[in-house]
Structure formats: C-alpha cells, structure tokens
Amino acid sequence: MTYIIGIDVGGTFTDVVVAAPAGQTIIAKATTTPADQSDGVLDGIALAAQRLGLTAGDLLHATSRILHGTTVATNALLEGKAAQVGMLTTEGHRDVMEMREGLKPDRYNLRMTPPAPLVPRRLRLAVRERLRADGTVEVPLDAGSLDRAIAALAEAGVQSVAICFLHAWRNPGHERHAAAAVRGRLPGVYVTTSSDVLPQIKEFERFSTTVANAAVGPVIQHYLDRLQSRLVDAGYHGELLVILSHGGVASVAEATRLAAGTALSGPAGGVAAAVALSRAGLARDVIGFDMGGTSTDIAVVRDGQPTLSGDKVVGNARIALPSLDIVTLGAGGGSIGKLDPAGLLAVGPESAGADPGPACYGQGGTAASVTDANLVLGYLDPANFLGGRRMLDLGAATVAVGKLAAALGLDVADAAGGIHRVVNGRMADAVRVATVRRGVDPRRFTLLAFGGAAGLHVTAVAAELGMTRVAIPLAASVLSAWGMLNTDLRVELSRSQGQAGAIDVDDLKAAFVTMEQEGRARLAWFNGEVTLRRSADMRYGEQVFEIAVPLDDLDWNAVDLDETLAERFHATHEALYTYALRDQEVVLVNAHLSAIGQLPQIEPAGLEPRCAAMPKGQRRVYLGRWTEVPVFDLLTLGVDQAITGPAVIESDTTTVLLRADDTARFDARGWLDISVIDPHRSPA
C-alpha cells in the first residue's frame with residue numbers, strides 16, 4: 001500500500017491532503033509562493049510528512065500518485081504574464097481576434113473599451129490558403145507565404161505560435177503542415193493548432209481558445225517540468241497528474257498540450273469534492289461554496305452531477321473548452337474593505353493575497369481585509385490560526401479596520417460588522433447568479449461550505465438565500481485538495497457535424513468512432529478500465545444557442561436513431577426550459593465524447609461513535625452586540641451531538657460561526673450538518 005497526495009494551490013495557501021494506506025487522512029497548509037508555486041507545494045508536502053512522522057523524502061518515496069491543481073495559467077492570463085504569442089491565420093482573417101462576435105462583452109456599456117487581444121495585430125500574420133466549409137481545398141497552402149510569416153515571427157522572438165486557419169476543424173491538413181514547418185524553423189517554440197485544441201465551428205471561439213492555449217502553454221510547460229523535476233529530486237517516482245477545468249485529471253504531457261484546460265484547475269477540485277460527497281449520501285442536489293483567500297467559487301451539482309460549460313472567460317481570453325460551470329467572485333478572506341466613489345462601503349475584488357496578506361498576518365499589510373474584520377469581531381482565535389503555527393495580530397487588525405471606521409463615521413466593531421455583511425451579500429448574489437438566473441431554486445439545495453474562510457460566512461449567506469441546510473466537511477479548509485483524490489483521468493473530445501439540417505446518423509456514428517479511437521489512444525499508457533460517455537450540442541433550427549444533450553444508453557444500431565436523438569433533445573430542452581417544440585427542426589451541432597480512466601476513490605473521513613464534547617471555553621463575539629458564546633473543538637464533537645447557536649466551532653484550519661437559532665449536528669460520515677431554522681431573519 002502507498003500514499004496518495006492531493007495538492008491545491010490557492011491565492012493565499014497551498015493545501016495538501018495525504019491519503020494514508022491505513023485509511024487516515026492527513027492535511028497540511030503552507031503559504032502559497034506566487035513567484036514559484038513549486039516552493040509552496042514542497043513546503044506543504046514537508047508539513048504533511050512531519051505530521052506523519054516522516055521526512056518529505058520518505059513520504060514521496062512511498063507515494064504512488066500526486067494529483068495537483070494549479071493557478072499558474074489563471075494567474076498568467078489575469079496578470080498579463082502570459083507568453084508572447086505569434087499567430088498564423090488565413091489571409092483576410094487576421095482580425096477575427098478583435099472583431100470577436102461583433103458584440104462587446106458588456107454590450108450596453110457605451111464607455112467600454114475593446115478588450116485587448118492576447119496577440120497584437122503585428123504578430124497576427126496572414127498565410128495564403130483557404131478551405132471551403134466542407135473541408136475541400138479552395139486555395140492550396142502557399143509555401144512562400146508560410147515561410148515569410150514564420151521568418152517574421154522568428155525575428156519578433158515569439159515564445160509560442162497559434163495556427164488558426166479557416167474551417168480547419170473540417171480538414172486539419174493545412175494546419176498540420178504549417179505546424180511542422182514552424183517546429184522545423186523555430187525549435188523550442190511552443191506550437192498549437194486550432195484543429196487540435198478545439199475542432200469545432202465558430203471561428204472566434206476556436207481562434208481565441210487556441211491563442212489562449214499558446215499564451216499559457218510555455219508557462220504551464222515550464223512550471224510542470226520544474227515541479228516534476230523537483231519532486232523527482234526529492235524522492236518521488238510516481239505519477240504526477242494535473243486536474244483540468246472539466247474536473248478530470250490528465251498526465252503532465254496532456255496538461256501541457258492542452259494548457260488552456262488548466263485555467264480553472266484549482267476550483268475544479270472543489271467541484272469534484274462536492275460530487276464525491278453527494279454520492280456519499282450528503283444530498284443529491286448541492287451548491288458548492290468555496291471561499292478561500294482571494295475568491296469564492298460557486299458550483300451547482302444536480303442529481304449528483306456537475307454542469308459543464310463551453311463559454312468561459314479568464315481575463316480577456318475566451319476559452320471554449322469544456323469546463324465545469326463555476327461562478328467566481330473576487331471575495332475571500334483577503335478581500336479588502338474600502339470606500340467606493342459614492343462614499344459607501346465596498347469589499348473586494350482587490351485582495352491582500354498571500355503577500356503581504358491581511359494586516360493581522362504581520363507581513364506589512366495595512367488595508368482592512370475580511371480576515372481582519374473577522375478577527376476584530378471575535379470570530380477567530382488569534383492564537384489558534386493554522387493550529388498555532390501563525391499568531392494573528394489583533395492590534396494590527398484593529399488599526400486597519402479603525403482607519404476605515406473613521407472614514408465611515410462608525411466605531412471599529414460596527415465597521416468590521418459592515419465588512420462582514422457586505423461580503424456576505426456579494427457572495428449571496430454570486431449564488432443567485434449560479435442558480436436563480438438560470439431557473440434554479442437554491443432553497444431546495446444543500447449549501448456545501450469549504451475553503452478556509454467559508455465557515456464564518458456560510459450560515460448568513462444561506463439565510464439571505466432562504467436556504468435551510470448547510471454542510472461543512474471535516475476537511476473543509478482543504479476540500480479542493482481532497483476532491484482531487486476523487487477524480488478520474490479524463491479526455492474530452494469534440495467534432496462539429498457539418499451543415500444545418502436533418503441529423504446525419506452515419507456522420508455522427510463515424511465521428512464517435514474516430515473520437516473513441518483518439519480517446520483510447522491518449523489513455524493508452526493507463527492500465528485501468530476506460531469508460532466512454534457521449535453527448536451532443538443540439539438546438540432548434542431558429543435558435544442561436546445550443547444545449548448539451550446526454551446520449552448514453554442509446555441503441556446506436558436502431559433504424560429510428562435520428563428520431564430517438566431528436567426526442568432526447570426535446571426532453572432535455574423541456575426539462576431545462578419547461579417547453580419543447582416537437583414540430584420544429586432539430587440541429588445537432590457538435591458531438592462530444594469523454595474517455596474516462598477510472599482511478600481508485602477515497603471515502604470521506606468518518607468517525608467512530610464517541611461521547612458529546614463540552615465547550616473548551618468561551619469567547620466574546622460581536623453579533624450586533626458583544627456576546628459571550630461557547631467555543632467547541634470540531635475534532636472532539638460526538639457523533640450526532642447537537643449544538644445550538646450562537647456558538648463557535650473550530651479546528652486548526654477551520655472556524656464555524658453559528659448564529660442564533662442555527663443548530664449543528666456532527667454526522668458520522670464526516671461533516672457538520674447545520675440547520676438554519678429561520679432563513680428569513682436578517683443575518684447578523
């Protein structure tokens with residue numbers, strides 16, 4: 001038996017979860033190191049090894065698999081630190097990246113400046129070639145034109161090249177020839193083609209996704225190569241797998257090839273955890289509420305399944321790869337409170353991050369953050385942060401919040417309470433975006449809270465939304481890393497299906513055969529079982545958007561397969577929008593196949609029955625007025641022990657605030673189950 005390690009790099013902390021052979025789960029948190037995330041990863045592994053009584057080398061030598069979520073690609077896109085990209089495209093189409101779809105991201109904002117493309121116009125070079133929409137060659141690839149463009153990119157010193165030719169999704173021949181020529185002339189430069197990254201119709205989405213892949217490819221390649229090398233030097237000889245935006249994991253080679261697929265790598269682990277807990281019996285319908293140091297991620301799991309989307313924007317990059325449907329808000333423990341231009345209190349999206357961090361960290365931060373406010377309000381124990389490894393400076397937090405209080409004309413406690421309430425309101429709005437705006441009633445869901453800061457805010461957020469049940473896992477502060485231990489290898493493939501009109505069953509079958517062969521080939525190194533899932537993007541003939549329709553459990557040899565496919569679409573459309581138009585033409589736009597290599601899963605950490613625990617002390621907290629409340633140790637609670645708020649429940653890495661009338665019960669399967677008795681009360 002060997003160890004398995006999950007690692008999630010967040011904006012403030014790097015979380016490590018170790019699944020030990022005997023069944024226990026060890027957690028550790030290290031400070032994230034933005035300049036080189038591998039430093040924080042190795043620090044976290046060393047802390048976990050220390051808790052096991054091992055050296056880092058001994059732990060790594062006995063580990064068979066490491067699953068890793070990283071924010072390297074996300075940070076590169078958001079901070080403008082991506083590679084310098086050159087683009088080769090069909091003559092006459094170099095401005096697709098700026099024309100986009102003819103619409104502004106915020107179409108009613110008259111003052112909005114156009115988003116800056118990831119590749120400037122001077123590096124978007126035209127090549128003489130042209131394919132028709134059916135893939136036949138209209139203009140052959142001109143060798144001289146291609147050579148001149150490559151020479152210009154070489155002179156510009158680009159670090160990567162994106163090759164995006166018109167209709168290449170139908171016929172990749174020209175792109176492949178151009179890629180071979182670039183690799184021959186520019187050795188060491190990262191090269192990617194649109195027919196490899198996203199072989200689908202819609203030029204802007206395909207071009208933008210390919211350029212994003214080129215922009216983050218060299219950054220991801222450098223980071224993963226360095227991390228893998230350092231792990232080997234430290235004694236590790238197992239597999240390093242990277243979680244991708246769709247929630248599955250991939251080899252380092254695959255993650256490097258499809259680097260844009262790591263743009264939501266970190267949050268994907270939290271969704272994987274929500275799915276695993278849903279299947280473990282928590283609830284079939286769950287809303288994941290992941291509040292970390294810099295952001296909060298909201299994801300909906302319905303009937304035990306997450307939702308995928310092909311429409312994500314990170315920075316100025318449109319990425320149309322399959323991704324978990326996650327709503328991200330710039331609100332976390334490090335989010336800074338300030339006055340907006342109207343003189344009103346605002347919180348975020350600016351964050352203190354890991355460096356300098358909140359004022360109470362004592363690392364030079366002076367702005368009032370959410371963590372500073374929670375400390376001033378008495379919700380956090382300054383001597384028990386990270387199990388006592390870091391002392392929080394209440395004086396520095398009070399000074400920081402005091403400056404804001406003076407500007408607002410409030411006392412320090414009321415200003416801190418204002419920061420707490422404002423950030424709660426913003427996070428409740430984010431849940432509404434993920435649910436109410438999409439026709440989903442959040443009140444029938446369980447709100448699953450995790451991340452280091454969630455426990456102090458989640459019951460107030462639930463109350464504002466009218467939700468009655470909250471769950472907080474034992475490993476809440478590192479749940480994204482734990483979720484990575486419950487993922488599978490996954491390859492996502494897609495093919496567009498020709499022209500609009502009647503569904504061509506033969507073309508569809510051929511596309512799935514081709515994708516199955518490609519998926520199995522990409523997982524050929526994996527020795528376990530590979531399963532396949534099929535779906536399609538479909539719409540009515542007059543619609544301008546598609547919906548995802550699952551196509552598993554169909555008889556692919558049925559004579560009426562086209563009618564069955566149409567009816568499956570009608571039923572899915574009716575379930576989403578309450579109506580179907582069965583007399584309308586049905587168009588199948590894209591076929592999708594998921595090839596899944598099944599990995600062993602980790603069960604939630606359950607507890608043996610034990611006696612109810614008494615409070616370990618009292619704490620003075622501010623809930624509209626200063627109140628003495630009992631403080632309980634999360635790890636000593638008895639199974640089914642009920643605690644009624646107001647109260648504080650804490651562990652080394654998680655603190656939970658129960659407000660008046662909230663009732664918590666510890667479930668033996670490994671989570672704190674909280675009933676919000678009066679969801680319509682005003683949160684404190």
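Looking for disulfides here turns up nothing: a search of the whole structure gives 0 of them. Keep in mind that this is a predicted model. Beyond the cysteines, there is a four-stranded open sheet to look at, plus a couple of cis peptide bonds, at Gly-348 and Pro-349 and at Gly-645 and Pro-646.

**Cysteines**
- A disulfide is a covalent bond between the sulfur atoms of two cysteines, and the count for this structure is 0.
- Cys-164 has a relative accessible area of 0%, so it falls under the 20% cut-off for buried.
- Cys-360 comes in at 1% relative accessibility, so it is buried too.

**The open sheet**
- Four strands line up in the order β29-β30-β32-β33, and the pairing is mixed.
- The edges belong to β29 (617-622) and β33 (655-658); each has a single partner strand, so one side of each has no neighbour in the sheet.
- On average, neighbouring strands of this sheet are turned by 30° against each other, ignoring direction.
- Strands of a sheet pair through backbone hydrogen bonds, either parallel or antiparallel.
- For β30 (residues 626-633) and β32 (residues 647-650), the sense is parallel, over 3 bridges.
- Phe-632 has Ile-649 of β32 as its bridge partner.

**Backbone oddities**
- Most residues other than glycine have a negative phi, and most peptide bonds are trans.
- Gly-348 and Pro-349 are joined by a cis peptide bond with omega about 0°, and Pro-349 sits in strand β22 (residues 345-351).
- Gly-645 and Pro-646 are also joined by a cis peptide bond, with omega about 10°; Pro-646 lies in the loop between β31 (642-644) and β32.
- Thr-578 has a positive phi, near 75°, and is placed in the loop between α17 (561-577) and β28 (586-597).
- With 67% relative accessibility, Thr-578 is over the 50% cut-off, so it counts as exposed.
- Asp-661 has a positive phi as well, near 80°, in the loop between β33 and β34 (662-667).
- At 41% relative accessibility, Asp-661 counts as partly exposed.

**Gly-451 and its surroundings**
- You'll find Gly-451 in the loop between β23 (446-450) and α14 (458-465).
- Despite being a loop residue, Gly-451 is buried, at 8% relative accessibility.
- Setting aside neighbours within four places in sequence, Gly-451 is in contact with Asp-290, Met-291, Ala-476 and Ser-477.
- Ala-178 is 273 residues from Gly-451 in sequence, and their C-alpha atoms are 45 Å apart.

Conventions:
Residues numbered from 1 in each chain as written. Predicted model: local features only at pLDDT ≥ 70, side-chain atom pairs only at ≥ 80, totals over all residues. Heavy atoms only, no water. Pairing = 2+ DSSP bridges. Helix = DSSP H or I, 4+ residues; strand = E, 2+ residues; numbered from the N terminus. Axes fitted to C-alpha atoms, helices over the stretch in contact; angles between N-to-C directions. Disulfide = S-S within 2.5 Å. Buried < 20%, exposed > 50% of the residue type's maximum accessible area, 1.4 Å probe, protein only. Contact = heavy atoms within 4.5 Å.
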